[in-house]
Amino acid sequence: MNSFSGPGTPPPGCPAHHGGSPAQDAATRIPLYGPEFAADPQAYYEAMRAYGPAAPVELAPGVDATLVTDYAAALQVLQNPDAFTRDSRRWRALEDGFLPQDSPVLGMMGYRPNVLFADGAEHLRLRQAVSDSLARLDAYRVSRHVERVSAYLADQFKYKGTVDLLNDYAKPLTFLVFNELFGASAEIGDRLIHGFTGIFDGIDAESANQELAGSLIQLVAQKRAEPGDDITSWMMEHPAKLSDEEMLHQITIMLGAGIEPERNLIANGLLLILSDERFFGGLYGGGLLVEDALNEVLWNSPPIANYATHFPVRDTELGGVKLPAYSPVLISFAAANTDPALSSSRQMLSKRAHLAWGAGPHACPIKESASLIATGAIERLLNEVPDIELAVPAESLEWRPGVFHRALSALPARFTPVQRPTTPATAADRGPTVGSGQARGRAERKGWWSSFLNWWRV
């Protein structure tokens with residue numbers, strides 16, 4: 001692995017690394033894949049600033065793009081849909097057959113008929129169906145469900161004294177909460193979790209994709225026959241009158257864009273709280289709140305670090321950087337949020353001023369609920385195991401390679417095990433009735449969602 005002496009040290013592939021200037025070596029692209037970038041992306045972002053507001057990058061072998069690192073330039077792209085389309089069918093290199101068809105980034109950047117890749121009137125129609133349905137979520141209902149799921153998951157590990165806070169807490173929590181919000185039954189919920197897990201983790205992705213598609217078809221059919229008090233049913237009732245196919249694609253993007261970032265927001269927030277003495281008053285005597293920690297994560301380590309692919313509709317310039325027509329332009333939310341031009345005023349900016357939720361017509365429509373879920377999940381965990389601490393030094397943690405996210409591979413923690421109750425909790429307590437070993441085995445056999453439902457109904 002390459003090492004850097006500090007922020008601003010040019011990474012390999014940057015013209016400044018070789019003593020040249022961007023103007024002298026404009027063809028050189030900075031690779032944003034592999035363990036070097038994952039280990040220290042900020043060093044890369046600092047080096048990219050030598051190019052101006054945007055830099056030439058390579059997202060994966062053979063996939064060239066431009067990454068916007070300047071805050072003002074990012075807003076210019078995000079808020080100007082007339083000049084920048086989101087429809088990746090117009091991606092010139094892809095259309096001309098110059099991209100590897102097995103490229104790992106095509107899953108995130110290739111066209112799908114959903115709100116993320118739509119423009120104009122079609123985007124507005126789909127966006128209204130999505131936004132109006134999400135707006136019907138009741139904050140109390142969301143909070144109560146997060147509490148129930150948190151209690152269930154804590155019951156799987158609180159008697160042991162150790163836990164991987166990413167894979168044993170944040171990851172299943174987001175799946176279980178979103179299953180509830182979209183009205184998935186036990187069987188469908190288990191299939192959704194299996195499908196998304198396989199796609200996210202790259203394990204038998206083709207089979208996982210088939211499982212996901214089948215579960216979504218089943219969910220849509222079930223809600224057509226028996227609508228409920230959930231997002232899926234609300235979207236069906238919307239005046240936009242989405243077809244079954246449109247429903248499938250909107251639910252896919254809503255779940256995919258919700259689950260992965262949410263679990264990373266929770267994990268990154270926990271990492272900050274457990275490694276920074278300003279937070280977690282119960283352990284370190286700090287005075288800042290969970291909301292403060294999450295706000296800092298969204299500014300400095302957003303779970304979606306680089307995305308929002310746009311395509312200029314004509315040859316143009318962005319702060320002097322040339323952007324060829326229909327070439328991909330991505331927004332670095334992580335770099336834009338740490339733009340040195342903001343350094344003197346960042347602490348005075350509104351909590352909503354960061355770009356972690358995007359901006360413009362494609363801004364995240366579920367940011368309020370996402371913040372509520374993350375806050376509730378962290379607060380409930382700290383209440384369940386108040387002396388929890390990292391099991392390894394923070395600097396030794398590994399980050400998953402990938403250009404789009406800022407995501408840990410694991411977050412091991414330890415705490416004083418909770419004493420197992422001598423009598424089972426009552427149904428009125430809605431508490432656990434089995435030990436963590438039995439509960440884990442049951443979850444593995446039946447699936448997280450059906451196991452949770454069984455636990456809650458006891």
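Residues 1-9 of this predicted model have pLDDT under 50 throughout. For this stretch the model has 15 contacts beyond four places in sequence. Residues 426-445 also stay below 50. That stretch has 33 contacts in the model beyond near neighbours in sequence. Where pLDDT is low, the predicted coordinates should not be read in detail. Over the chain, the mean pLDDT is 84. A value of 70 or more is reached by 81% of the residues.

## The chain overall

The chain has 458 residues, and 54% of them count as buried. Its secondary structure comes to 18 helices and eleven strands. Take the contacts between residues at least 6 apart in sequence: 69% of them join residues at least 24 apart. The accessible surface comes to about 19700 Å². Carbon and sulfur atoms account for 52% of that surface.

## A sheet of six strands

Six strands form an open sheet, and its pairing is mixed. The order is E1-E2-E3-E9-E6-E4. Which strands stand at the edges? They are E1 (residues 30-31) and E4. Each has a single partner strand, so one side of each is left without a neighbour in the sheet.

Strands of a sheet pair through backbone hydrogen bonds, either parallel or antiparallel. Both senses appear here. E3 and E9 run parallel, joined by three bridges. E6 and E9 pair antiparallel, over three bridges. E4 and E6 are antiparallel too, with two bridges between them.

Several residue pairs show where these strands meet:

| Residue | Stands opposite | Strand of the partner |
|---|---|---|
| Val-68 | Ile-331 | E9 |
| Asn-306 | Ser-332 | E9 |
| Tyr-307 | Ile-331 | E9 |
| Phe-84 | Pro-312 | E6 |
| Thr-85 | Phe-311 | E6 |

Ile-331 takes part in two of these pairings. It stands opposite Val-68, and it is the bridge partner of Tyr-307.

How is E6 placed, enclosed or open? Seven of the seven residues of E6 are buried, so this strand is largely enclosed by the rest of the structure. E9 has buried residues pointing both ways. Val-329 and Ile-331 point one way from the strand. Leu-330 and Ser-332 point the other way. All four are buried.

## Helix H3 against the sheet

Helix H3 covers residues 71-78. Its buried residues are Tyr-71, Ala-73, Ala-74, Val-77 and Leu-78. Why do these residues share a side of H3? They cover an arc of only 160° around the axis, which puts them on the same side of the helix. An α-helix has 3.6 residues a turn, so residues three or four places apart point the same way.

What do the buried residues of H3 pack against? Their partners include four strands of the sheet just described: E3 (63-68), E4 (84-85), E6 (306-312) and E9 (329-332). Strand E7 (316-318) and helix H15 (333-337) are also among the elements they pack against.

The start of H3 has a polar contact of its own. There, a side-chain oxygen of Asp-70 reaches to within 3.1 Å of the backbone nitrogen of Ala-72.

Beyond H3 comes a loop that leads to E4, and Asn-80 lies in it. Is Asn-80 buried or partly exposed? Asn-80 is partly exposed, with a relative accessible area of 28%. Its C-alpha is 7.7 Å from the C-alpha of Gly-360. In sequence, Asn-80 and Gly-360 are 280 residues apart.

## Ser-233 in helix H11

Ser-233 sits in helix H11, which spans residues 231-237. Ser-233 has a relative accessible area of 1%, under the 20% cut-off, so this residue counts as buried. Which residues does Ser-233 touch, leaving out those up to four places away in sequence? They are Lys-223, Pro-227 and Gly-228. With Gly-228 there is a polar contact: the backbone nitrogen of Gly-228 lies 2.7 Å from a polar atom of the Ser-233 side chain.

How values were computed. Residues numbered from 1 in each chain as written. Predicted model: local features only at pLDDT ≥ 70, side-chain atom pairs only at ≥ 80, totals over all residues. Heavy atoms only, no water. Buried < 20%, exposed > 50% of the residue type's maximum accessible area, 1.4 Å probe, protein only. Arc of directions from axis to C-beta. Contact = heavy atoms within 4.5 Å. Polar contact = N/O pair within 3.5 Å; in protein donor to acceptor, adjacent residues only side chain to side chain. pLDDT = per-residue confidence, 0-100. Areas by Shrake-Rupley, 256 points an atom, 1.4 Å probe, with all protein chains shown as cover. Pairing = 2+ DSSP bridges.
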